[in-house]
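Here are my notes for anyone opening this one for the first time. I'd suggest keeping the 3D view open and picking out the residues as you read.

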Amino acid sequence: MILIVSLLVLLMLVGAVAACVFKDLLSAIIAAALVSLIAAVLFYFLQAPDVAMAEAAVGAALTTAIFVVAIRRTNRYEQ
Amino acid sequence: MRKIISVLLLSIVAVGIYLSVSHIPFGAPKTKVGGHYVEQGMEETGAANMVTSVVVIYRGFDTLGEVTVLFIAAVGLAAVLGIAGQQGFPREPASFVLRNACVVIFPLILLCGTYIFAHGHLTPGGGFQGGVVIASAFVLSYLGGRERRISKRLFGSVESLAGLVFVTTGLIGLAVGGYFLSRILPNGRPYSLLSAGIIPIIYIAIGFKVGSELAGIIDNLIEETK
Amino acid sequence: MTFLENYVFYVGAFGLVLIGLFTILVKRNLIKAIIGLAILDTGVNLFLISVGYLARGTAPIYTRAEQGAQPMVDPVPQALVLTAIVIGVAVLALALALAIRLYRHYGTLDLRKITEQRW
């Protein structure tokens, strides 16, 4: 159990670093969505199913959608 | 240079965090109020889900403030983008599979969202989660390239009506019970759908409000052309 | 191992907070800074929930089934975080709308170029 949680936390931090490093903003947004999704799983492990539901719906669907719309309106690559 | 200074500042912040957080034990009870809600909440509110009873009853006024913040953010977004009115947006036509799958899946997602916020007092879920699910259904329908748009006026009326239901329920509670959002309805039989007094009314109102507001935000962001 | 058991959630939460802060401080692209803001938000929420956790606790939802003697976790931080998540997405949308507006006005999202142009 603790090993699974540690692995998830590690993966989440790697995703956050990737979201910080990627030059392509679309890839960075997908990495940020991964962070949100793993955070939702961690909320479930912390016995908070309500919060996990909200985080999964917001992080995977809505936040990603509004970021994609925004970079479609602006510029995809970070110079 | 900028990176070095940032890393230095962040390491100072990290040391500060370590010094303060290392005194917070993980997994130990910390507040008494949480224990009270967990032990007495079922008798006091009749809701099986304690998070719901905290959001709607014990901290109901706080939730009204949060919903107001959401409303102000939506209004601010519309003002910043400066939307003139209904104008179509140029789009690439979606593929056949995506278009038809959206037609089938869209009502099912709406049904799922409605289930989530109608059963908020019994199972995990509630107005906020159900509203987000409903808004994501509208995202899907925009991805599917549907030509027909939902009118802004409808979104606005649903949102205002839901807010009005919330405030009116609170004010009736103030008139009858003596404080805002007092429990004016009987608790009913526990674990049944029509139980827990005013919680289902408030949470359905919140569900409609959050759903229409977030869908309106998506709509404004997508619509904005030139 | 006990260190891991005690602090793994705190490490994850504050790791996210620090990475988000670093992104906001260093990156000059506005959308990148807003992504950092989203990560920071997730980190703070994770910390609040892990403060409310009880060892061997269950979710704060009563069921018909026999409960046993297990304690329930604290519902108050969960209620706070629940609303904070939904407000977070609205605030992100507002920030992105400001970024879109700036891009339309200046033709770039780079903060250096925007401050050079002044208006």
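1. Start with salt bridges between chain A and chain B: the count is 0. Keep in mind that this is a predicted model. Polar contacts do turn up, though, with 3 residue pairs found across the interface of chain A and chain B, both partners at pLDDT 80 or more.

2. What sort of residues does chain A bring to this contact? By class, the side of chain A that touches chain B has 11 nonpolar and 3 charged residues, and no polar ones. Counting both partners, 14 residues of chain A and 19 residues of chain B take part.

3. Now the area. Chain A and chain B bury about 1,300 Å² between them, and 73% of that comes from carbon and sulfur atoms. If you want to know where to look on the chain A side, try Asp50(A), Leu62(A) and Arg73(A): these lose the most area to chain B, together 41% of what that side buries.

4. On to the holes. A search of the whole structure gives 3 cavities of 30 Å³ or more. The largest has a volume of about 210 Å³. Its lining runs to 20 residues, and the closest to the centre are Ser36(A), Thr63(A), Ala38(C), Thr42(C) and Leu92(C).

5. Which elements give two or more residues to the lining of that largest cavity? In chain A they are helix H2 (25-45) and helix H3 (49-73), and in chain C helix H2 (30-51) and helix H3 (75-106). H3(A) supplies the largest share, 6 residues.

6. Sorted by class, the lining of the largest cavity is 11 nonpolar, 7 polar and 2 charged residues. Worth colouring by class when you view the cavity.

7. The second largest cavity holds about 50 Å³ of space. Chain B and chain C line this one: from chain B come Val55(B), Arg59(B), Asp62(B), Thr63(B) and Glu66(B), and from chain C come Ala79(C), Leu80(C) and Thr83(C). The elements giving two or more residues here are helix H4 (60-81) of chain B and H3 of chain C.

8. How does the lining of the second largest cavity divide by class? The split is 3 nonpolar, 2 polar and 3 charged residues. Arg59(B), Asp62(B) and Glu66(B) are among the lining residues, so they are the charged ones by class.

Definitions and conventions:
Residues are numbered from 1 along each chain as its sequence is written. Chains are lettered from A and ligands numbered from 1 in the order in which they are written. This is a predicted model: local features need pLDDT of at least 70, side-chain atom pairs count only at pLDDT 80 or more; totals for chains, interfaces and linings use all residues. Side-chain values use heavy atoms; hydrogens and water are left out. On a 1 Å grid over the protein atoms alone, a cavity is a set of points where a 1.4 Å probe fits but cannot get out, and a pocket is an open set with protein on both sides within 12 Å along at least five of seven lines; lining residues have an atom within 4 Å of a point. Grid points are joined across faces, edges and corners, and a volume is the space filled by probe spheres set on the points. Helices (H or I, at least four residues) and strands (E, at least two) are DSSP runs, numbered from the N terminus. Contact means heavy atoms within 4.5 Å. Buried area is the accessible area (1.4 Å probe) that two parts lose on being put together, summed over both. A salt bridge is a side-chain nitrogen of Lys or Arg within 4 Å of a carboxyl oxygen of Asp or Glu. A polar contact is a pair of N or O atoms within 3.5 Å; within protein, one must be able to donate a hydrogen and the other to accept it, and residues adjacent in sequence count only if both atoms are side-chain atoms.
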